[in-house]
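Me: Can you walk me through the sheets in this one? Short answers are fine.
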Amino acid sequence: MKELVKSVTPPWIKTPARKVLNAQRKASRRIASARFRLTHAILRLKRGQKQQHLVVLGFARSGATMLFSMISSTIQDTVTMKKEVSAGQTRHMYHPRICTERPRDVFDILDIEKTMPFRDFKIVCVVRDPRDLVSSKQDLTVPFQYFQGMDYLMFREGNVLSYSDPGISAMYERIRQLLGRDNVLLVRYEDILSDPEAVKDQIAAFSGFSFEGRFSDFHTKKISTPLEEALNGSRPVEEKDVPGWMKPERLERAMQQLKMYPEMEDMIAQLGYQPTTEMLDEAGIRAPEVTIWDKGHIVAFHTPDPLYTQEAARFRARLDTLGLASDITVVPPRKDWVENCAIKPSIIQDARHRLTGPLLYLDVDAYVHKNPWPMLSQHQDCDIGAYINPNGKLLSGTILINDTPGARDLLDEWVRRQTDQQSTWDQKVLQEIILEDEARPISERLYRFHRLTPCMTYIFDGQGTDYLYEGPIVEHLQASREVKMAGSPLLAHRQERLKELFRT
(Lines give C-alpha, C1' and ligand atoms only; values in the text may rest on other atoms or scores of the structure.)
Protein backbone atom coordinates (compact mmCIF):
# COMPACT_ATOMS: atom_id res chain seq x y z
CA MET A 1 0.00 0.00 0.00
CA LYS A 2 2.78 2.40 0.80
CA GLU A 3 3.78 2.73 -2.85
CA LEU A 4 0.80 5.05 -3.20
CA VAL A 5 2.69 7.74 -1.26
CA LYS A 6 5.03 9.69 -3.55
CA SER A 7 7.66 11.99 -2.12
CA VAL A 8 7.54 15.59 -3.23
CA THR A 9 11.00 17.21 -3.41
CA PRO A 10 10.97 20.78 -2.07
CA PRO A 11 12.37 23.22 -4.68
CA TRP A 12 15.08 24.51 -2.35
CA ILE A 13 16.74 21.10 -2.17
CA LYS A 14 18.20 21.65 -5.66
CA THR A 15 19.91 24.97 -4.99
CA PRO A 16 23.74 25.14 -5.37
CA ALA A 17 24.15 25.94 -1.68
CA ARG A 18 22.13 22.88 -0.73
CA LYS A 19 24.25 20.67 -3.02
CA VAL A 20 27.44 21.91 -1.35
CA LEU A 21 25.95 21.28 2.11
CA ASN A 22 24.88 17.75 1.14
CA ALA A 23 28.39 17.02 -0.19
CA GLN A 24 29.92 18.27 3.07
CA ARG A 25 27.61 16.05 5.10
CA LYS A 26 28.46 12.99 3.02
CA ALA A 27 32.18 13.70 3.44
CA SER A 28 31.73 14.06 7.22
CA ARG A 29 29.90 10.73 7.39
CA ARG A 30 32.65 9.00 5.38
CA ILE A 31 35.35 10.45 7.69
CA ALA A 32 33.42 9.39 10.81
CA SER A 33 32.96 5.89 9.40
CA ALA A 34 36.66 5.57 8.55
CA ARG A 35 37.65 6.79 12.04
CA PHE A 36 35.23 4.29 13.57
CA ARG A 37 36.66 1.35 11.59
CA LEU A 38 40.22 2.39 12.41
CA THR A 39 39.45 2.60 16.14
CA HIS A 40 38.01 -0.92 16.14
CA ALA A 41 40.96 -2.23 14.14
CA ILE A 42 43.44 -0.78 16.66
CA LEU A 43 41.50 -2.15 19.62
CA ARG A 44 41.27 -5.56 18.03
CA LEU A 45 45.02 -5.66 17.47
CA LYS A 46 45.58 -4.59 21.07
CA ARG A 47 43.23 -7.23 22.48
CA GLY A 48 44.14 -9.91 19.99
CA GLN A 49 40.50 -10.81 19.41
CA LYS A 50 37.12 -9.45 18.35
CA GLN A 51 34.66 -7.90 20.78
CA GLN A 52 32.43 -10.54 22.32
CA HIS A 53 28.73 -9.74 22.13
CA LEU A 54 26.08 -11.94 23.74
CA VAL A 55 22.66 -11.13 22.24
CA VAL A 56 19.46 -12.29 23.94
CA LEU A 57 16.42 -12.18 21.67
CA GLY A 58 13.38 -14.26 20.70
CA PHE A 59 9.65 -14.30 21.31
CA ALA A 60 8.20 -11.51 23.41
CA ARG A 61 7.04 -12.70 26.84
CA SER A 62 9.20 -15.83 26.45
CA GLY A 63 11.47 -15.29 29.46
CA ALA A 64 14.16 -13.20 27.74
CA THR A 65 13.91 -10.56 30.48
CA MET A 66 14.17 -13.20 33.19
CA LEU A 67 17.15 -14.83 31.49
CA PHE A 68 18.86 -11.46 31.10
CA SER A 69 18.30 -10.80 34.83
CA MET A 70 19.84 -14.18 35.62
CA ILE A 71 22.86 -13.43 33.44
CA SER A 72 23.39 -9.93 34.83
CA SER A 73 23.12 -11.13 38.46
CA THR A 74 25.75 -13.88 38.05
CA ILE A 75 28.12 -12.69 35.31
CA GLN A 76 31.71 -12.88 36.52
CA ASP A 77 33.51 -11.18 33.65
CA THR A 78 33.50 -7.42 33.17
CA VAL A 79 30.57 -7.11 30.79
CA THR A 80 28.56 -4.08 29.69
CA MET A 81 24.90 -5.07 30.18
CA LYS A 82 22.18 -3.31 28.16
CA LYS A 83 18.54 -4.22 28.76
CA GLU A 84 15.98 -3.43 26.01
CA VAL A 85 18.73 -1.96 23.84
CA SER A 86 19.17 -3.18 20.29
CA ALA A 87 22.51 -4.80 19.50
CA GLY A 88 22.74 -2.33 16.63
CA GLN A 89 22.70 0.61 19.04
CA THR A 90 25.95 -0.56 20.65
CA ARG A 91 27.96 0.00 17.48
CA HIS A 92 30.09 2.73 19.06
CA MET A 93 30.80 0.80 22.26
CA TYR A 94 34.41 -0.37 22.49
CA HIS A 95 34.12 -2.60 25.57
CA PRO A 96 35.62 -6.07 25.06
CA ARG A 97 32.43 -7.83 26.28
CA ILE A 98 28.83 -6.69 25.76
CA CYS A 99 25.46 -8.31 26.51
CA THR A 100 22.18 -6.92 25.17
CA GLU A 101 18.59 -8.08 25.49
CA ARG A 102 15.81 -7.07 23.15
CA PRO A 103 13.32 -9.62 21.74
CA ARG A 104 12.68 -7.53 18.60
CA ASP A 105 16.33 -7.90 17.57
CA VAL A 106 15.15 -11.15 16.02
CA PHE A 107 14.07 -9.01 13.05
CA ASP A 108 17.39 -7.18 12.68
CA ILE A 109 20.21 -9.39 13.94
CA LEU A 110 21.26 -10.77 10.54
CA ASP A 111 21.69 -7.23 9.20
CA ILE A 112 23.40 -6.10 12.42
CA GLU A 113 25.96 -8.88 12.07
CA LYS A 114 26.85 -7.74 8.56
CA THR A 115 27.44 -4.15 9.68
CA MET A 116 29.65 -5.18 12.63
CA PRO A 117 32.31 -7.60 11.35
CA PHE A 118 34.50 -6.58 14.32
CA ARG A 119 32.09 -8.36 16.73
CA ASP A 120 31.96 -12.02 17.69
CA PHE A 121 28.21 -12.43 18.07
CA LYS A 122 26.73 -15.21 20.18
CA ILE A 123 22.94 -15.25 19.90
CA VAL A 124 20.69 -16.76 22.55
CA CYS A 125 17.21 -17.20 21.06
CA VAL A 126 14.56 -17.67 23.75
CA VAL A 127 11.32 -19.41 22.78
CA ARG A 128 8.22 -20.51 24.65
CA ASP A 129 5.23 -22.70 23.94
CA PRO A 130 3.12 -20.56 21.53
CA ARG A 131 -0.03 -21.60 23.40
CA ASP A 132 1.39 -19.98 26.52
CA LEU A 133 2.39 -16.87 24.59
CA VAL A 134 -1.05 -16.18 23.10
CA SER A 135 -2.81 -16.71 26.44
CA SER A 136 -0.46 -14.56 28.53
CA LYS A 137 -1.37 -11.19 30.03
CA GLN A 138 0.88 -8.51 31.46
CA ASP A 139 -1.27 -7.73 34.46
CA LEU A 140 0.59 -4.61 35.60
CA THR A 141 0.20 -2.77 32.29
CA VAL A 142 -2.54 -4.40 30.16
CA PRO A 143 -4.82 -6.26 32.56
CA PHE A 144 -7.87 -6.68 30.32
CA GLN A 145 -6.28 -7.76 27.04
CA TYR A 146 -3.94 -10.54 25.96
CA PHE A 147 -0.49 -9.18 25.33
CA GLN A 148 0.01 -10.86 21.97
CA GLY A 149 -1.51 -13.13 19.38
CA MET A 150 -0.43 -14.81 16.20
CA ASP A 151 -1.12 -11.55 14.37
CA TYR A 152 -0.01 -8.66 16.62
CA LEU A 153 1.89 -7.77 19.79
CA MET A 154 1.41 -4.93 22.26
CA PHE A 155 3.79 -2.04 21.60
CA ARG A 156 4.79 0.10 24.56
CA GLU A 157 6.85 3.28 24.64
CA GLY A 158 6.52 5.65 27.57
CA ASN A 159 2.81 5.97 28.33
CA VAL A 160 1.74 4.75 24.88
CA LEU A 161 0.20 1.31 24.44
CA SER A 162 -0.63 0.22 20.90
CA TYR A 163 -1.53 -3.26 19.66
CA SER A 164 0.46 -2.83 16.48
CA ASP A 165 3.80 -4.67 16.62
CA PRO A 166 4.45 -7.90 14.66
CA GLY A 167 3.01 -10.89 16.48
CA ILE A 168 4.13 -14.47 17.01
CA SER A 169 3.75 -15.51 13.38
CA ALA A 170 6.17 -12.86 12.09
CA MET A 171 8.66 -13.48 14.91
CA TYR A 172 8.65 -17.22 14.28
CA GLU A 173 9.52 -16.76 10.61
CA ARG A 174 12.64 -14.83 11.66
CA ILE A 175 13.53 -17.37 14.35
CA ARG A 176 13.43 -20.13 11.75
CA GLN A 177 16.10 -18.27 9.77
CA LEU A 178 18.42 -18.33 12.80
CA LEU A 179 18.06 -21.95 13.85
CA GLY A 180 20.92 -24.26 12.88
CA ARG A 181 23.59 -21.54 12.79
CA ASP A 182 26.76 -22.20 14.79
CA ASN A 183 26.48 -18.94 16.74
CA VAL A 184 22.84 -19.43 17.76
CA LEU A 185 21.69 -21.23 20.91
CA LEU A 186 17.99 -22.03 21.30
CA VAL A 187 16.78 -21.82 24.91
CA ARG A 188 13.26 -22.79 25.90
CA TYR A 189 11.45 -20.89 28.62
CA GLU A 190 10.27 -24.16 30.10
CA ASP A 191 13.90 -25.33 30.51
CA ILE A 192 14.78 -22.09 32.32
CA LEU A 193 12.01 -22.90 34.81
CA SER A 194 12.80 -26.59 35.23
CA ASP A 195 16.61 -26.42 35.45
CA PRO A 196 18.03 -22.87 35.42
CA GLU A 197 21.50 -24.05 36.46
CA ALA A 198 21.73 -26.37 33.46
CA VAL A 199 20.79 -23.40 31.24
CA LYS A 200 23.55 -21.37 32.93
CA ASP A 201 26.12 -24.07 32.13
CA GLN A 202 24.83 -24.29 28.57
CA ILE A 203 25.19 -20.53 28.01
CA ALA A 204 28.63 -20.49 29.63
CA ALA A 205 29.91 -23.22 27.32
CA PHE A 206 28.30 -21.57 24.30
CA SER A 207 29.38 -17.97 24.96
CA GLY A 208 32.69 -18.33 26.79
CA PHE A 209 31.40 -16.02 29.56
CA SER A 210 31.89 -17.04 33.20
CA PHE A 211 29.20 -17.04 35.88
CA GLU A 212 29.32 -17.16 39.66
CA GLY A 213 26.28 -17.99 41.74
CA ARG A 214 22.94 -19.50 40.84
CA PHE A 215 20.59 -18.38 38.09
CA SER A 216 17.67 -19.33 40.33
CA ASP A 217 18.67 -16.70 42.90
CA PHE A 218 18.27 -13.78 40.48
CA HIS A 219 15.09 -12.57 42.18
CA THR A 220 17.01 -11.82 45.39
CA LYS A 221 18.99 -9.10 43.62
CA LYS A 222 17.67 -5.56 43.30
CA ILE A 223 16.15 -4.96 39.87
CA SER A 224 14.76 -1.85 38.21
CA THR A 225 11.05 -1.04 38.07
CA PRO A 226 10.80 -1.57 34.27
CA LEU A 227 12.34 -5.02 34.68
CA GLU A 228 9.95 -5.86 37.49
CA GLU A 229 6.96 -4.81 35.36
CA ALA A 230 8.19 -6.91 32.44
CA LEU A 231 8.48 -9.89 34.80
CA ASN A 232 4.96 -9.32 36.20
CA GLY A 233 6.70 -8.75 39.53
CA SER A 234 9.96 -10.13 40.92
CA ARG A 235 9.58 -13.71 42.19
CA PRO A 236 11.50 -16.99 42.36
CA VAL A 237 11.58 -19.40 39.44
CA GLU A 238 8.88 -22.04 39.71
CA GLU A 239 8.27 -24.99 37.41
CA LYS A 240 4.55 -25.38 36.90
CA ASP A 241 2.79 -28.73 37.33
CA VAL A 242 0.41 -27.83 34.51
CA PRO A 243 1.37 -25.57 31.60
CA GLY A 244 -0.16 -22.13 32.02
CA TRP A 245 -2.20 -22.32 28.83
CA MET A 246 -4.07 -25.40 30.12
CA LYS A 247 -5.53 -23.52 33.08
CA PRO A 248 -9.27 -22.87 32.69
CA GLU A 249 -8.90 -19.08 32.56
CA ARG A 250 -6.42 -19.33 29.66
CA LEU A 251 -7.45 -22.47 27.80
CA GLU A 252 -10.28 -20.89 25.83
CA ARG A 253 -7.97 -18.16 24.49
CA ALA A 254 -5.35 -20.75 23.46
CA MET A 255 -7.95 -22.88 21.67
CA GLN A 256 -9.45 -19.83 19.98
CA GLN A 257 -6.07 -18.86 18.54
CA LEU A 258 -5.48 -22.43 17.36
CA LYS A 259 -8.85 -22.41 15.63
CA MET A 260 -8.24 -19.03 14.00
CA TYR A 261 -4.65 -19.85 12.98
CA PRO A 262 -4.32 -23.61 12.26
CA GLU A 263 -0.66 -23.11 11.24
CA MET A 264 0.08 -22.55 14.93
CA GLU A 265 0.04 -26.33 15.52
CA ASP A 266 2.89 -26.79 13.02
CA MET A 267 4.87 -24.10 14.87
CA ILE A 268 4.29 -25.95 18.15
CA ALA A 269 5.65 -29.19 16.69
CA GLN A 270 8.67 -27.58 15.03
CA LEU A 271 9.70 -25.96 18.33
CA GLY A 272 9.60 -29.37 20.01
CA TYR A 273 6.41 -29.07 22.01
CA GLN A 274 3.81 -31.81 22.40
CA PRO A 275 0.70 -31.60 20.15
CA THR A 276 -2.35 -29.99 21.71
CA THR A 277 -4.70 -32.97 21.48
CA GLU A 278 -2.16 -35.30 23.09
CA MET A 279 -1.52 -32.94 25.99
CA LEU A 280 -5.20 -32.40 26.70
CA ASP A 281 -5.94 -36.14 26.49
CA GLU A 282 -3.09 -37.00 28.88
CA ALA A 283 -4.32 -34.39 31.36
CA GLY A 284 -7.94 -35.53 31.03
CA ILE A 285 -8.96 -32.04 29.93
CA ARG A 286 -11.77 -31.52 27.47
CA ALA A 287 -11.16 -28.71 25.01
CA PRO A 288 -13.76 -25.94 25.45
CA GLU A 289 -16.02 -24.85 22.66
CA VAL A 290 -14.81 -21.56 21.26
CA THR A 291 -16.83 -18.98 19.39
CA ILE A 292 -15.54 -17.38 16.22
CA TRP A 293 -17.85 -14.57 15.19
CA ASP A 294 -19.12 -14.58 11.63
CA LYS A 295 -21.62 -11.75 11.84
CA GLY A 296 -22.75 -8.65 13.70
CA HIS A 297 -24.10 -5.22 12.72
CA ILE A 298 -21.95 -2.57 11.06
CA VAL A 299 -23.08 0.92 12.07
CA ALA A 300 -22.40 4.09 10.09
CA PHE A 301 -23.90 7.50 9.32
CA HIS A 302 -23.51 10.30 6.79
CA THR A 303 -24.81 13.70 5.82
CA PRO A 304 -27.02 14.02 2.69
CA ASP A 305 -24.53 16.08 0.64
CA PRO A 306 -23.38 14.64 -2.73
CA LEU A 307 -19.86 13.68 -1.54
CA TYR A 308 -20.90 11.58 1.44
CA THR A 309 -24.01 10.22 -0.28
CA GLN A 310 -21.70 8.79 -2.95
CA GLU A 311 -19.33 7.41 -0.27
CA ALA A 312 -22.29 5.77 1.49
CA ALA A 313 -23.52 4.18 -1.74
CA ARG A 314 -20.10 2.59 -2.33
CA PHE A 315 -19.90 1.55 1.33
CA ARG A 316 -23.32 -0.11 1.34
CA ALA A 317 -22.67 -1.90 -1.95
CA ARG A 318 -19.41 -3.33 -0.62
CA LEU A 319 -21.08 -4.58 2.58
CA ASP A 320 -23.83 -6.19 0.51
CA THR A 321 -21.21 -7.95 -1.61
CA LEU A 322 -19.63 -9.40 1.54
CA GLY A 323 -23.04 -10.29 3.03
CA LEU A 324 -22.54 -8.03 6.05
CA ALA A 325 -25.51 -6.54 7.91
CA SER A 326 -25.47 -2.76 8.18
CA ASP A 327 -27.32 0.02 9.97
CA ILE A 328 -26.67 3.32 8.18
CA THR A 329 -28.26 6.60 9.27
CA VAL A 330 -28.58 9.89 7.35
CA VAL A 331 -28.21 12.97 9.57
CA PRO A 332 -28.70 16.69 8.87
CA PRO A 333 -25.45 18.61 8.30
CA ARG A 334 -24.06 20.79 11.04
CA LYS A 335 -21.85 23.85 11.01
CA ASP A 336 -18.62 22.11 9.96
CA TRP A 337 -16.89 18.74 9.61
CA VAL A 338 -15.91 18.53 13.32
CA GLU A 339 -19.49 19.13 14.45
CA ASN A 340 -20.72 16.56 11.93
CA CYS A 341 -18.33 14.07 13.56
CA ALA A 342 -19.56 15.08 17.02
CA ILE A 343 -22.86 13.29 16.42
CA LYS A 344 -21.01 9.94 16.19
CA PRO A 345 -21.42 8.88 19.87
CA SER A 346 -25.16 9.57 19.71
CA ILE A 347 -25.52 7.47 16.55
CA ILE A 348 -23.64 4.58 18.17
CA GLN A 349 -25.59 4.94 21.41
CA ASP A 350 -28.90 4.75 19.53
CA ALA A 351 -27.77 1.65 17.61
CA ARG A 352 -26.61 0.00 20.84
CA HIS A 353 -30.09 0.49 22.34
CA ARG A 354 -31.85 -0.90 19.26
CA LEU A 355 -29.62 -3.80 18.21
CA THR A 356 -28.36 -6.93 19.95
CA GLY A 357 -24.97 -8.57 19.63
CA PRO A 358 -21.66 -6.95 18.71
CA LEU A 359 -21.62 -3.69 16.76
CA LEU A 360 -18.82 -2.34 14.62
CA TYR A 361 -18.91 1.36 13.91
CA LEU A 362 -17.16 2.36 10.66
CA ASP A 363 -16.79 5.74 9.00
CA VAL A 364 -18.86 5.65 5.85
CA ASP A 365 -15.85 6.34 3.61
CA ALA A 366 -14.26 3.02 4.61
CA TYR A 367 -13.58 0.08 2.30
CA VAL A 368 -14.07 -3.34 3.92
CA HIS A 369 -11.72 -5.86 2.32
CA LYS A 370 -13.16 -8.95 4.01
CA ASN A 371 -15.47 -10.02 6.82
CA PRO A 372 -14.03 -8.36 9.96
CA TRP A 373 -15.96 -10.43 12.48
CA PRO A 374 -13.66 -13.49 12.72
CA MET A 375 -10.68 -11.25 13.58
CA LEU A 376 -12.82 -9.29 16.05
CA SER A 377 -13.61 -12.55 17.85
CA GLN A 378 -10.43 -11.95 19.83
CA HIS A 379 -12.18 -9.06 21.58
CA GLN A 380 -15.32 -10.72 22.90
CA ASP A 381 -14.45 -9.94 26.52
CA CYS A 382 -14.17 -6.16 26.22
CA ASP A 383 -16.77 -3.40 26.41
CA ILE A 384 -15.35 -1.29 23.61
CA GLY A 385 -12.33 -1.44 21.32
CA ALA A 386 -10.53 1.05 19.10
CA TYR A 387 -7.12 1.43 17.51
CA ILE A 388 -4.48 3.53 19.26
CA ASN A 389 -1.56 4.11 16.93
CA PRO A 390 2.13 3.99 18.00
CA ASN A 391 2.07 7.77 18.44
CA GLY A 392 -0.58 7.37 21.13
CA LYS A 393 -3.50 8.73 19.09
CA LEU A 394 -6.87 7.00 19.25
CA LEU A 395 -8.53 6.73 15.83
CA SER A 396 -12.31 6.48 15.94
CA GLY A 397 -12.96 5.47 12.32
CA THR A 398 -13.38 1.88 13.55
CA ILE A 399 -14.93 1.12 16.94
CA LEU A 400 -16.06 -2.22 18.33
CA ILE A 401 -18.99 -1.97 20.76
CA ASN A 402 -19.97 -5.14 22.57
CA ASP A 403 -23.39 -5.86 24.04
CA THR A 404 -22.42 -5.14 27.66
CA PRO A 405 -23.50 -2.79 30.46
CA GLY A 406 -19.98 -1.30 30.45
CA ALA A 407 -20.29 -0.41 26.77
CA ARG A 408 -23.62 1.33 27.38
CA ASP A 409 -22.21 3.26 30.32
CA LEU A 410 -19.21 4.37 28.29
CA LEU A 411 -21.43 5.52 25.41
CA ASP A 412 -23.59 7.49 27.85
CA GLU A 413 -20.48 9.26 29.16
CA TRP A 414 -19.17 9.90 25.64
CA VAL A 415 -22.50 11.43 24.57
CA ARG A 416 -22.62 13.59 27.68
CA ARG A 417 -19.11 14.97 27.21
CA GLN A 418 -19.49 15.39 23.46
CA THR A 419 -22.65 17.41 23.97
CA ASP A 420 -20.62 19.81 26.11
CA GLN A 421 -17.75 19.88 23.58
CA GLN A 422 -19.38 20.14 20.16
CA SER A 423 -16.30 21.75 18.63
CA THR A 424 -13.91 19.03 19.88
CA TRP A 425 -13.08 16.11 17.63
CA ASP A 426 -15.05 13.07 18.77
CA GLN A 427 -12.02 10.78 18.98
CA LYS A 428 -10.24 13.17 21.33
CA VAL A 429 -13.22 13.09 23.69
CA LEU A 430 -13.33 9.28 23.56
CA GLN A 431 -9.59 9.03 24.20
CA GLU A 432 -9.92 11.36 27.17
CA ILE A 433 -12.50 9.01 28.72
CA ILE A 434 -10.35 5.92 28.07
CA LEU A 435 -7.14 7.40 29.45
CA GLU A 436 -8.89 8.75 32.55
CA ASP A 437 -10.27 5.29 33.23
CA GLU A 438 -6.92 3.58 32.65
CA ALA A 439 -5.31 5.97 35.14
CA ARG A 440 -7.50 4.46 37.88
CA PRO A 441 -6.38 1.44 39.92
CA ILE A 442 -7.30 -1.73 38.06
CA SER A 443 -9.96 -2.72 40.59
CA GLU A 444 -11.69 0.66 40.18
CA ARG A 445 -11.85 0.86 36.40
CA LEU A 446 -15.27 1.30 34.87
CA TYR A 447 -14.67 -0.05 31.38
CA ARG A 448 -12.86 -2.93 29.74
CA PHE A 449 -11.11 -1.30 26.78
CA HIS A 450 -9.25 -3.25 24.09
CA ARG A 451 -6.78 -1.88 21.59
CA LEU A 452 -7.72 -2.99 18.08
CA THR A 453 -5.12 -3.77 15.43
CA PRO A 454 -3.98 -1.48 12.59
CA CYS A 455 -5.54 -3.80 10.00
CA MET A 456 -8.92 -2.69 11.40
CA THR A 457 -8.15 1.02 11.02
CA TYR A 458 -5.78 1.22 8.08
CA ILE A 459 -5.38 4.68 6.52
CA PHE A 460 -5.22 4.05 2.77
CA ASP A 461 -1.80 5.64 2.18
CA GLY A 462 -0.18 3.87 5.10
CA GLN A 463 0.43 6.88 7.32
CA GLY A 464 1.44 5.76 10.80
CA THR A 465 1.38 2.05 9.93
CA ASP A 466 4.65 0.08 9.98
CA TYR A 467 3.24 -3.45 9.98
CA LEU A 468 0.10 -5.18 8.73
CA TYR A 469 -0.72 -8.85 9.23
CA GLU A 470 -1.94 -10.18 5.86
CA GLY A 471 -3.04 -6.72 4.70
CA PRO A 472 -5.85 -4.40 5.78
CA ILE A 473 -9.34 -5.56 6.74
CA VAL A 474 -10.89 -2.08 7.04
CA GLU A 475 -9.27 0.63 4.93
CA HIS A 476 -10.21 4.25 5.57
CA LEU A 477 -10.28 6.43 2.45
CA GLN A 478 -10.39 9.85 4.13
CA ALA A 479 -13.21 11.55 2.19
CA SER A 480 -12.58 14.71 4.22
CA ARG A 481 -9.54 15.33 2.00
CA GLU A 482 -11.94 16.13 -0.83
CA VAL A 483 -13.06 19.14 1.19
CA LYS A 484 -9.95 20.15 3.10
CA MET A 485 -7.08 19.32 0.71
CA ALA A 486 -7.99 20.57 -2.75
CA GLY A 487 -4.86 20.53 -4.92
CA SER A 488 -2.84 18.52 -2.37
CA PRO A 489 -0.86 15.41 -3.43
CA LEU A 490 -2.66 13.61 -0.58
CA LEU A 491 -5.96 14.20 -2.37
CA ALA A 492 -4.50 12.86 -5.61
CA HIS A 493 -3.41 9.72 -3.75
CA ARG A 494 -6.95 9.22 -2.52
CA GLN A 495 -8.42 9.53 -6.00
CA GLU A 496 -5.89 7.04 -7.36
CA ARG A 497 -6.81 4.60 -4.61
CA LEU A 498 -10.53 4.96 -5.32
CA LYS A 499 -9.88 3.99 -8.94
CA GLU A 500 -7.93 0.92 -7.83
CA LEU A 501 -10.62 -0.28 -5.41
CA PHE A 502 -13.72 0.51 -7.43
CA ARG A 503 -12.58 -0.07 -11.02
CA THR A 504 -15.27 -1.79 -13.02
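Reply: Sure. This is a predicted model. Start with helix H7, residues 196-207. Helix H7 lies across E1, E4 and E7.

Me: At what angle does H7 run to E7?
Reply: About 175°.

Me: And the sheet with those strands, what's the strand order?
Reply: The order is E2-E3-E1-E4-E7. That is an open sheet of 5 strands, with parallel pairing.

Me: Which strands stand at the edges there?
Reply: Strand E2 (80-83) and strand E7 (184-188). Each has a single partner strand, so one side of each has no neighbour in the sheet.

Me: What does the twist average from one strand to the next?
Reply: The average is 15°.

Me: How many bridges between E1 and E4?
Reply: 8 bridges, in the parallel sense. Strand E1 covers residues 51-58, and strand E4 covers residues 119-127.

Me: What stands opposite Leu 57?
Reply: Cys 125, in E4.

Me: OK, switching. What's the order in the sheet of 3 strands?
Reply: E11-E16-E15. This sheet is open too, and its pairing is mixed.

Me: Why do E11 and E15 each have a side without a neighbour?
Reply: Strand E11 (366-368) and strand E15 (458-459) stand at the edges. Each has a single partner strand, so one side is left without a neighbour in the sheet.

Me: Do E11 and E16 run parallel or antiparallel?
Reply: Antiparallel, joined by 3 bridges. Strand E16 is residues 474-476.

Me: Which residue in E16 stands opposite Tyr 367?
Reply: Glu 475.

How values were computed:
Residues are numbered from 1 along each chain as its sequence is written. This is a predicted model: local features need pLDDT of at least 70, side-chain atom pairs count only at pLDDT 80 or more; totals for chains, interfaces and linings use all residues. Side-chain values use heavy atoms; hydrogens and water are left out. Two strands pair if DSSP finds at least two bridges between them. Helices (H or I, at least four residues) and strands (E, at least two) are DSSP runs, numbered from the N terminus. Axes are lines fitted to C-alpha atoms, for helices over the stretch in contact, and angles run from 0 to 180 degrees between N-to-C directions. Contact means heavy atoms within 4.5 Å.
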